[in-house]
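Biologist: I've got the sequence and the fold up on my screen. Could you walk me through how the pieces hold together?

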Amino acid sequence: MADQSILAMIPAAIHAADFAYIPYSHYRVGAALRSKDGTIFTGCNVENSAYPACICAERTALVKAISEGIQSFDALVVATANGGSPCGHCRQMLFEFAPDMTVLLVDFSGTVHVATTLRDLLPYGFGPHGME
């Protein structure tokens, strides 16, 4: 099970989902990404009528952090109605920066459905080491 400091991130992820723009799927997602210095970046999913232009909550949080100069992470909490998992795009983008981070998948009541690592969510992931 995750430690208390990661469990404390759950409300931030749930709250971030409140801001989701989801006129098409109606599937609300919130994410809380913690940098190694303890800063938490939140994100929500933002849909678009041109579907490829949509961005997931996990990538929103990641891009916010990167745009502020943060590139080291140790934990991610993803909140959905049913404890859903990050998509492949999100897994790949996060793997670039923190393949061993802890990941919690929770529902909006705060129940933890999965506690794992990003590496376990993306086995044999492709990262910077693959470019050598």
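Biologist: Let's start with charges. Which residue forms a salt bridge with R34?

Modeller: Keep in mind that this is a predicted model. The closest N and O atoms of the pair are 2.8 Å apart, and a salt bridge here needs a side-chain nitrogen of Lys or Arg within 4 Å of a carboxyl oxygen of Asp or Glu. The partner of R34 is D74.

Biologist: How many residues apart in sequence are the parts that R34 and D74 tie together?

Modeller: R34 sits in strand β1, while D74 belongs to strand β3. The pair therefore ties together parts of the chain whose separation in sequence is 40 residues.

Biologist: And R34 itself, is it buried or exposed?

Modeller: Its partner D74 has a relative accessible area of 26%, so D74 is partly exposed. For R34 the relative accessibility is 13%, and the cut-off for buried is under 20%. So R34 counts as buried.

Biologist: What about R119, which side chain does it meet in a salt bridge?

Modeller: The count comes to two salt bridges. In the R119 pair the N to O distance is 2.8 Å. R119 is in helix α5 and the other residue is in the loop between α4 and β4, 19 residues apart. That other residue is D100.

Biologist: Is D100 buried or exposed?

Modeller: R119 has a relative accessible area of 37%, which makes R119 partly exposed. D100 comes out at 52%, and the cut-off for exposed is over 50%. That makes D100 exposed.

Biologist: On to the greasy parts. Which element gives the largest share of the largest nonpolar core?

Modeller: This core has 21 residues, and L33, F73, L76, L94, M101, V103 and L118 touch the most other members. Two or more residues each come from β1, α3, β3, α4, β4 and α5. The largest share, four residues, comes from α3.

Biologist: How many residues are in the other core?

Modeller: That other core lies apart from the largest one, and I10, A75, L104 and V106 are among its members. Its size is 10 residues.

Biologist: Within what arc do the buried residues of α4 fall?

Modeller: The buried residues of α4 are C90, R91, L94 and F95. They line one face of the helix, because, seen down the axis of α4, they fall within an arc of 130°.

Biologist: Which elements do those buried residues of α4 pack against?

Modeller: Take L94 as one example: leaving aside neighbours within four places in sequence, L94 is in contact with L33, E58, L62, L76, M101 and L118. For the buried residues of α4, the packing partners are β1, α3, β3 and α5.

Biologist: How far apart in space are P86 and C56?

Modeller: P86 lies in the loop between β3 and α4, and its relative accessible area of 4% makes P86 buried. Not counting residues up to four places away in sequence, P86 touches E58, V78, R91, L105 and L121. P86 and C56 are 30 residues apart in sequence, but C-alpha to C-alpha the distance is 8.4 Å.

Biologist: Last one, on the outside. What is the area of the nonpolar surface patch made by Y21, Y24, V46 and Y51?

Modeller: One of its members, V46, is found in the loop between β2 and α3. V46 counts as partly exposed, at 34% relative accessibility. The patch made by Y21, Y24, V46 and Y51 has an area of about 420 Å².

Conventions. Residues numbered from 1 in each chain as written. Predicted model: local features only at pLDDT ≥ 70, side-chain atom pairs only at ≥ 80, totals over all residues. Heavy atoms only, no water. Patch = residues over 30% accessible without salt bridge, like charges linked within 9 Å, V, L, I, M, F, W, Y side chains within 5 Å. Areas by Shrake-Rupley, 256 points an atom, 1.4 Å probe, with all protein chains shown as cover. Buried < 20%, exposed > 50% of the residue type's maximum accessible area, 1.4 Å probe, protein only. Contact = heavy atoms within 4.5 Å. Core = buried A, V, L, I, M, F, W, Y, C linked by side-chain atoms within 4.5 Å. Arc of directions from axis to C-beta.
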